[in-house]
Amino acid sequence: MTAVTTTRPADEIVPAKRRDPLLIALWITLVVIALIWIAPFVFIFFTSLKSNAEVMSSSAFAPPASVHWPNFEGAWRNGDFGRTLINSTIISFVKVPLGLLISAMAAYALARIRLRWNKALVLFVLFGTMIPFQVMLAPLFTLVNGLGLIDTYVGIILPYLAFGVPYQVFILQGFFRAVPKELSEAALIDGASHITVFRRIFLPISLPVLAALLILDFVNTWNEFAMALVILQDSAMWTLPLGLMSFQGQFSSDYGQLNAAIVMTVLPAMIVYLIFQRYFVSGLTSGALKG
Amino acid sequence: MATVEIADVRKSYGSVDVIHGISMAIEDGEFVILVGPSGCGKSTLLRMIAGLEEISGGRISIGDRVVNNLPPKDRDIAMVFQNYALYPQMTVAQNLGFSLEMAGLKKPQIRTKVEETAEILGLTPLLSRKPAQLSGGQRQRVAMGRAIVRDPAVFLFDEPLSNLDANLRVQMRAEIKALHRRLGSTIVYVTHDQIEAMTMADRIVVLRAGIIEQMGTPLELYDRPENMFVARFLGSPSMNFLKGTLAEGEEPALVLPGGDRIVLASRPEARGEIVLGVRPQEVTIDPVRGTPARIVVTEPTGADTHIVARVGDTDVTCVVQGRVEEGPDDIIPLSFAVPSAHYFDPETEQRIDAAGSVLELAARSQRAVQ
């Protein structure tokens with residue numbers, strides 16, 4: 001074949017610059033919503049750096065005239081952060097990975113191992129997501145108390161698992177079902193057991209969804225208040241949100257310290273979010289099948 | 001390498017039977033192709049051999065072992081899937097080596113075997129890539145490599161070429177055939193593409209609705225289809241069928257419902273209504289013995305021209321060499337008087353032998369052997 005080269009003047013191939021009005025509207029909406037969400041955090045952050053006198057005298061969204069670091073020191077001491085931070089860390093770092101592992105294994109079994117009662121089991125799990133936990137608070141307290149687990153890590157982690165797992169199982173089994181069945185069949189023919197298929201094939205390709213669930217679950221667990229309030233009675237076992245509560249009662253006049261405490265509470269959740277958000281990339285499964 | 005024996009195998013999902021008792025024996029080193037339309041049970045049968053579907057009844061043996069209750073990994077088989085099913089997060093080398101790793105081989109052994117296989121399939125430069133970075137044909141090769149590397153007793157292919165474009169399909173067809181010659185292994189291959197079946201198979205098994213319609217070598221099936229389904233399924237363009245009544249008289253002829261008379265080259269062993277089957281390549285333009293036909297459309301393919309013309313109320317296809325002058329609505333005389341014409345019973349669709357046709361067939365197969 002002969003190559004035909006056509007030369008074109010450069011100005012001919014410049015595409016017309018027209019933006020879709022719908023896109024512009026979406027962008028504006030996005031920016032407005034972002035501002036609404038960011039506003040409280042700006043307010044909290046600025047206030048945490050102001051002395052009490054400045055809080056009273058300046059506008060809420062005005063940046064601090066001079067940075068008042070002692071707020072953080074005072075908040076740490078008065079809110080007993082040393083203890084509540086450790087409690088929250090232990091509970092979240094045990095519960096979140098453990099919950100995800102249990103959910104993922106259950107979801108794999110539901111999605112990939114043929115059982116007689118599969119559909120009924122999925123419905124049963126789904127039912128677990130439908131009970132509002134407020135309804136369960138009183139029976140839950142009775143149960144945990146009966147087991148002698150009030151004021152223990154196990155006592156709070158078990159109910160957290162019970163309420164977190166069904167939702168995650170539901171999401172993950174949907175995701176696992178969408179994984180082409182040939183992939184697990186190929187692995188089974190290659191000599192892998194279900195455990196190996198789960199560990200070597202399913203876990204790696206579901207990293208994005210696992211990361212998303214991990215972030216959601218971590219933030220939820222870190223901020224959980226009502227169940228912790230009921231089960232953790234001893235202030236030595238309190239988590240960060242409980243610590244904040246006591247704070248508000250005792251030092252309600254010191255807005256600088258209160259907001260410093262809030263910043264310190266939110267910070268770890270934000271760090272976890274920033275670490276795992278990069279796994280949100282989609283397309284990890286592309287290339288497995290025809291494309 | 002091993003034989004595969006399938007004895008009265010059945011499959012039902014609840015009360016729906018999809019395979020109604022299939023029996024066949026596949027010899028050691030044989031390349032058998034299961035072919036049939038969608039939903040005929042060919043993939044299900046393959047998956048039962050693989051152990052991915054339970055066997056509702058009957059017995060499957062690989063080598064001298066009955067494998068009915070063995071899990072897939074213990075059957076000594078390898079399977080190539082239509083959509084390749086490569087592990088997306090692993091490199092080509094890891095994909096190829098996965099089964100060896102599962103078998104507990106040491107790292108250096110795995111590397112040697114993977115490199116050997118990659119060499120056979122020309123995958124050596126791609127070993128460190130991930131599936132997403134490969135083209136369709138390369139992925140197909142990796143999928144085949146994953147099967148080869150294990151050196152299994154039986155290879156199972158489930159429509160491996162249907163996701164490739166036409167050129168690549170022709171190329172891979174030749175490669176699979178060459179690979180079979182080289183490895184000498186037993187292959188069971190599923191396809192709905194009759195050309196793949198004709199060109200690659202040692203033996204074709206035509207399935208329909210869960211039963212075997214016919215099995216034999218590609219040319220046996222082509223030359224002597226047992227029924228209209230097999231006749232229609234193999235060969236491209238499809239065989240022409242003309243339904244009519246046998247004329248009484250000296251010269252064998254078929255009278256179509258509209259009154260057109262078609263001259264026959266042999267006399268079928270039947271009376272009354274029959275169906276005549278002639279391949280488009282054997283229909284000729286013959287002013288002496290031809291029946292007038294009105295051209296519907298002509299399709300030049302370059303070397304040949306396909307003419308679709310109407311005889312009575314039936315459209316027939318005729319493949320003639322070279323070009324034709326005539327166009328739509330022109331009348332041409334088409335002759336179906338060839339010794340290799342097939343006759344079928346219009347009720348049962350089964351083959352009716354023609355007097356003398358057995359001799360003719362013997363002579364033809366003699367020629368084929370030479």
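Q: How many residues of domain 1 of chain A are in contact with domain 2 of chain A?

A: Start with the status of the coordinates. This is a predicted model. In the model, nine residues of domain 1 touch seven residues of domain 2 in chain A. Domain 1 of chain A covers 17-68, and domain 2 covers 81-280. Their C-alpha centres are 31 Å apart.

Q: Which elements of chain A give two or more residues to the domain 1 side of that contact?

A: Two helices do: α1 (21-48) and α2 (52-57) of chain A. The largest share comes from α1(A), with four residues. Sorted by class, the domain 1 side has three nonpolar, five polar and one charged residues.

Q: How is chain B divided into domains?

A: Domain 1 of chain B spans 4-228, and domain 2 spans 238-369. Between their C-alpha centres lie 38 Å.

Q: How many residues make the contact between the two domains of chain B?

A: Seven residues of domain 1 of chain B meet 11 residues of domain 2 of chain B. On the domain 1 side, the classes are three nonpolar, one polar and three charged.

Q: How many residues of each chain are in contact across the two chains?

A: One general point comes before the counts. The size of an interface is often given as the accessible area lost when the parts come together. Here the description is by residue contacts. Chain A brings 20 residues, and chain B brings 24.

Q: Which element gives the most to the side of chain A that touches chain B?

A: Two helices of chain A each supply at least two residues: α8 (181-189) and α9 (194-205). Of the elements on this side, α8(A) gives the most, with six residues. By class, the chain A side holds 12 nonpolar, four polar and four charged residues.

Q: What are the angle and the axis distance for α4 and α10 of chain A?

A: The general idea first. Two packed helices are described by the angle between their axes and the distance between the axes. Now the case. Helix α4 (residues 81-112) of chain A packs against helix α10 (residues 207-223) of chain A at an angle of about 145°. Their axes are 10 Å apart. The crossing of α4(A) and α10(A) is right-handed.

Q: Which residues of α4(A) and α10(A) meet?

A: From α4(A) come Ser88(A), Ile91(A), Ser92(A), Lys95(A), Val96(A), Gly99(A), Leu100(A) and Ala104(A). Opposite them, α10(A) presents Leu210(A), Leu213(A), Leu214(A), Asp217(A), Phe218(A), Thr221(A) and Trp222(A). The class tally for this contact is nine nonpolar, four polar and two charged residues.

Q: In what order do the six strands of the open sheet in chain B stand?

A: The order is β6-β7-β8-β3-β9-β10, and the pairing is mixed. Neighbouring strands in this sheet are turned by 15° against each other on average, direction ignored.

Q: Why is one side of β6 and of β10 in chain B left without a neighbour in the sheet?

A: Look at their places. β6 (77-80) and β10 (211-216) of chain B stand at the edges. Each has a single partner strand, so one side of each has no neighbour in the sheet.

Q: In which sense do β3 and β9 of chain B pair?

A: Parallel. Strand β3 (residues 31-35) and strand β9 (residues 203-208) of chain B share four bridges. One of the residues to follow is Ile33(B), whose bridge partner in β9(B) is Ile204(B).

Q: How many bridges join β16 and β17 of chain B?

A: Six bridges join strand β16 (residues 291-300) to strand β17 (residues 304-311) of chain B, and the two run antiparallel. Arg294(B) has Arg310(B) as its bridge partner in β17(B). The hairpin has three residues between the strands, and Gly302(B) takes a positive phi near 105° there.

Q: How many residues lie between β17(B) and β18(B) in their hairpin?

A: Two residues lie between them. In the turn, Gly312(B) has a positive phi of about 60°. Strand β18 (residues 314-321) of chain B pairs with β17(B) in the antiparallel sense over eight bridges. Within that pairing, Ile307(B) is matched with Cys318(B) of β18(B).

Q: Where in chain B is the pLDDT below 50?

A: Where pLDDT is low, the predicted coordinates should not be read in detail. Chain B averages a pLDDT of 89, and 95% of the residues score at least 70. The stretch below 50 is residues 357-361 of chain B. Beyond near neighbours in sequence, this stretch has five contacts in the model.

Q: What ipTM and pTM does the model score?

A: The ipTM is 0.80 and the pTM is 0.78.

Methods:
Residues numbered from 1 in each chain as written. Chains lettered and ligands numbered in written order. Predicted model: local features only at pLDDT ≥ 70, side-chain atom pairs only at ≥ 80, totals over all residues. Nonpolar A, V, L, I, M, F, W, Y, C, P; charged D, E, K, R; others polar. pLDDT = per-residue confidence, 0-100. Axes fitted to C-alpha atoms, helices over the stretch in contact; angles between N-to-C directions. Left-handed = near helix turned anticlockwise from the far one by under 90°. Pairing = 2+ DSSP bridges. Domains from an automatic or database assignment.
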